[in-house]
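Here are my notes for your first reading of this model, set out as numbered points. Please keep the structure open beside you and look up each residue as it is named.

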Amino acid sequence: GSEVAVACDAAALLAESGIAARVISAPSLELLRAQTAAYRAALLGPGVPVVAIEAGSGEALRALIGPTGLVIGMDRFGASASYQALAKHFGFVGDAVAARVRSFLGR
């Protein structure tokens, strides 16, 4: 969904800082969960930090990224404004996501 463009923007900003990032889109979590554990491990990569972005409750992604991954999601609802204003307010823009990832990586 809308998170893919944000992830791509963040990956480009991270690359400028020397941090390589790969964006993977999972439009159907059910189909991804139905894949073998080996497939999911190969998709995410062994031993690399994993970040999941969900403009909603992202904790549903926790089982896929593991306990040490970073989930960028929301824990509240009910705000009203344009989607651009809400995205910026809640940190679903490339620069905010890149900053969270840098912090997560200790950079």
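1. A word on terms comes before anything else: a helix here is a DSSP run of H or I with at least four residues, and helices are numbered from the N terminus. With that in hand, E3 can be placed in helix α1, which covers residues 2-16. Please bear in mind throughout that this is a predicted model.

2. Is E3 buried or exposed, and which side chain of opposite charge is nearest to it? E3 is buried, and yet it has no salt bridge, since the nearest side chain of opposite charge, that of R100, is 13 Å away. A salt bridge would need a side-chain nitrogen of Lys or Arg within 4 Å of a carboxyl oxygen of Asp or Glu, so R100 at 13 Å does not supply one.

3. What, then, surrounds E3? Leaving aside neighbours within four places in sequence, E3 is in contact with I53, E54 and A55. For A55 there is a further detail, as its backbone nitrogen lies 2.7 Å from a polar atom of the E3 side chain.

4. V4 is also found in helix α1. Its relative accessibility is 30%, and because buried means under 20% and exposed means over 50%, V4 counts as partly exposed. Although V4 and S25 are 21 residues apart along the chain, their C-alpha atoms are separated by 6.5 Å.

5. The largest pocket has a volume of about 1,000 Å³. It is lined by 35 residues, of which R22, V23, I24, V51 and A52 are the closest to its centre. The elements giving two or more residues to this lining are α1, α2 (29-34), α3 (37-44), β1 (51-53), α4 (62-65) and α6 (94-105). Helix α1 gives the most, with six residues.

6. R40 sits in helix α3, and with a relative accessible area of 24% it is partly exposed. Apart from neighbours within four places in sequence, R40 is in contact with L32, R33, Q35 and L64. Where Q35 is concerned, its backbone oxygen lies 2.6 Å from a polar atom of the R40 side chain. By way of a distance to check on the model, R40 and D75 are 35 residues apart along the chain, and their C-alpha atoms are separated by 26 Å.

7. Lastly, A26 belongs to the loop between α1 and α2, where it is partly exposed, with a relative accessible area of 34%. From A26 to K88 the separation is 62 residues in sequence and 23 Å in space, taken from C-alpha to C-alpha.

Definitions and conventions
Residues are numbered from 1 along each chain as its sequence is written. This is a predicted model: local features need pLDDT of at least 70, side-chain atom pairs count only at pLDDT 80 or more; totals for chains, interfaces and linings use all residues. Side-chain values use heavy atoms; hydrogens and water are left out. Buried means under 20% relative accessible area, exposed over 50%, partly exposed in between (1.4 Å probe, protein chains only). Lys and Arg count as positive and Asp and Glu as negative; His and the chain ends are not counted. A polar contact is a pair of N or O atoms within 3.5 Å; within protein, one must be able to donate a hydrogen and the other to accept it, and residues adjacent in sequence count only if both atoms are side-chain atoms. Contact means heavy atoms within 4.5 Å. On a 1 Å grid over the protein atoms alone, a cavity is a set of points where a 1.4 Å probe fits but cannot get out, and a pocket is an open set with protein on both sides within 12 Å along at least five of seven lines; lining residues have an atom within 4 Å of a point. Grid points are joined across faces, edges and corners, and a volume is the space filled by probe spheres set on the points.
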